[in-house]
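Thanks for asking me to look this one over. My notes are below as numbered points, so you can follow them with the structure open beside you.

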Amino acid sequence: MTLIEHDTQRVEVDQDFDKFAQSQEAATSSTTSLHSSLVNYEWKHGRRYHSYQAGSYSFPNDEREQERLDLVHHAFWCTLNHRLFLAPINPDDGLRILDIGTGTGLWAIHLGEDHPGAKEIIGNDLSPIQPRWVPPNVQFIVDDVELDWVHAGVNVEPYDYIHCRYMAGGIRDWPRLVKQMYDNVKPGGWVEFQESANTLYSQDGTLSKDNAMVRMMEGLILACDKIGRTLDPAPQMEKWVKDAGFINVEVQKFRLPIGSWPRDARLKEVGTLMAVNFIEGVEAFTASLFRDVLGWSQDEVSALNAEVRASAKRGNAHAIFDFLVITGQKPE
């Protein structure tokens, strides 16, 4: 295994920069010709949730959440120095690619636009929220990756590359999922996982244990543990990938600052986006998990959410996530 660590220098603080970027507009529309049960969504706590395999994913799928997911896509893309993947592949070599838990489909669409030579890019998700108009080599299906991988009406030949990003809190049995990926990728093919290690820290001691952002993350981790869907799979991902049989496993680590305080231009952009992610997304994070799993009252959740927004806006706590990218190859 090779560990490559990026952005390892201390993240320097720009005290003069305190503006936050506005959320990007997301142009998404529901796919057509879908069974009505898929779009008969569940509503609770003022938010909309998926109906297929209801309850297996604890976060909303409404337009507000779709906008947040598109913003996070841009933050991760910037974090990887404007790259969608780190595996040593060339999609234009006619590769067949799967994007697990595609969400709004933006990663798959971005890849299809950048690599028209890719044979096929399939994105699957529990919610049919992806755009209607996509590159010709991109398609979306409603599917639960935790079930056996049989895609009705879709070619079931193995994939050349399987991409899995930002699925923390959504998978009950990670080793089984990784094994299914191994079984469904071609010999010599690659898999890639992109996940944040969801314990916030600071390099300069500005993030205290009683900070609302820390308390929120601790509560989310506890709630996800209670329902058996860990919010922090990243630290164990390397082991799971190796145990499944993949070789040439590489772990690369990046920094995800929360706030516009870094001086480095790229980290400043990433941090600004991640702060907006907390400000705009805290309600989506806490609505179901804190109310339904931890048993908090609405007043308690609302108070925490307000504290999280205030802390993210102030930016005086220089919080950071580690962002891990794990790649592995199936033996020839």
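1. Let me begin with a term. A residue is called buried when its relative accessible area is under 20%. By that cut-off, 13 of the 17 residues of strand β8 (residues 185–201) are buried, so β8 is largely enclosed by the rest of the structure. Please keep in mind throughout that this is a predicted model.

2. Here is the overall picture. The protein chain has eight helices and 10 strands. Of its 332 residues, 57% count as buried. Among the contacts with a separation of 6 or more, 77% come from residues 24 or more positions apart.

3. Which strands pair with β8? Strand β7 (residues 159–165) is one of them: β7 and β8 run parallel and are joined by six bridges. Y161 stands opposite W190 in β8. Strand β10 also pairs with β8, in the antiparallel sense and over nine bridges. Here W190 turns up again, standing opposite Q329 in β10. If you want a single residue from which to trace this part of the sheet, W190 is a handy one, with Y161 as one partner and Q329 as another.

4. Strand β10 (residues 319–329) deserves its own point. How many of its residues are buried? The count is 11 of 11, so β10 is largely enclosed by the rest of the structure. In a regular strand the side chains alternate between the two faces of the sheet. For β10, both faces are covered. On one side sit A319, F321, F323, V325, T327 and Q329, and on the other I320, D322, L324, I326 and G328, all of them buried. Note that D322 is in the second of these groups.

5. β10 also pairs with strand β9 (residues 247–258), in the antiparallel sense and over 10 bridges. Within this pairing, F254 stands opposite F323 in β10.

6. Now for the helices. Two packed helices are described by the angle between their axes and the distance between the axes. Take helix α5 (residues 212–226) and helix α7 (residues 265–293): their axes come within 10 Å and cross at roughly 40 degrees. α5 and α7 are therefore oblique to each other, and their crossing is left-handed. On the α5 side the contact involves M213, M216, M217, G219, L220, A223, C224 and K226, which meet F278, V282, F285, T286, L289, F290 and V293 in α7. By class, these residues divide into 12 nonpolar, two polar and one charged.

7. α5 also packs against helix α8 (residues 298–314), where the axes come within 8 Å and cross at roughly 130 degrees. This pair is therefore oblique as well, and the crossing of α5 and α8 is left-handed. A212, M213, R215 and M216 in α5 meet L304, E307, V308, S311 and A312 in α8. The contact of α5 with α8 has six nonpolar, one polar and two charged residues.

8. How are α7 and α8 arranged? Their axes come within 9 Å and cross at roughly 160 degrees. That makes α7 roughly antiparallel to α8, with a right-handed crossing. The α7 residues A275, F278, I279, V282, E283, T286, F290 and R291 meet Q298, V301, L304, N305, V308, R309, A312 and K313 in α8. Nine of the residues in this contact are nonpolar, three polar and four charged.

9. One residue of α8 is worth a closer look: S311. Is S311 buried or exposed? With a relative accessible area of 2%, S311 is buried. Its C-alpha atom is separated by 6.9 Å from that of A212, although the two residues are 99 apart along the chain. Leaving aside neighbours within four places in sequence, S311 is in contact with N211 and M213.

10. Finally, a histidine to mark on your copy: H110, which lies in helix α3 (residues 106–114). H110 counts as buried because its relative accessibility is 16%. Which residues does H110 contact, once its neighbours within four places in sequence are left aside? They are H73, W77 and L84.

Notes
Residues are numbered from 1 along each chain as its sequence is written. This is a predicted model: local features need pLDDT of at least 70, side-chain atom pairs count only at pLDDT 80 or more; totals for chains, interfaces and linings use all residues. Side-chain values use heavy atoms; hydrogens and water are left out. Axes are lines fitted to C-alpha atoms, for helices over the stretch in contact, and angles run from 0 to 180 degrees between N-to-C directions. Helices (H or I, at least four residues) and strands (E, at least two) are DSSP runs, numbered from the N terminus. Angles under 35 degrees count as roughly parallel, over 145 as roughly antiparallel, 65 to 115 as roughly perpendicular and the rest as oblique. A crossing is left-handed if the near helix is turned anticlockwise from the far one by less than a right angle, and right-handed if clockwise. Contact means heavy atoms within 4.5 Å. Ala, Val, Leu, Ile, Met, Phe, Trp, Tyr, Cys and Pro count as nonpolar, Asp, Glu, Lys and Arg as charged, and the others, Gly among them, as polar. Buried means under 20% relative accessible area, exposed over 50%, partly exposed in between (1.4 Å probe, protein chains only). Two strands pair if DSSP finds at least two bridges between them.
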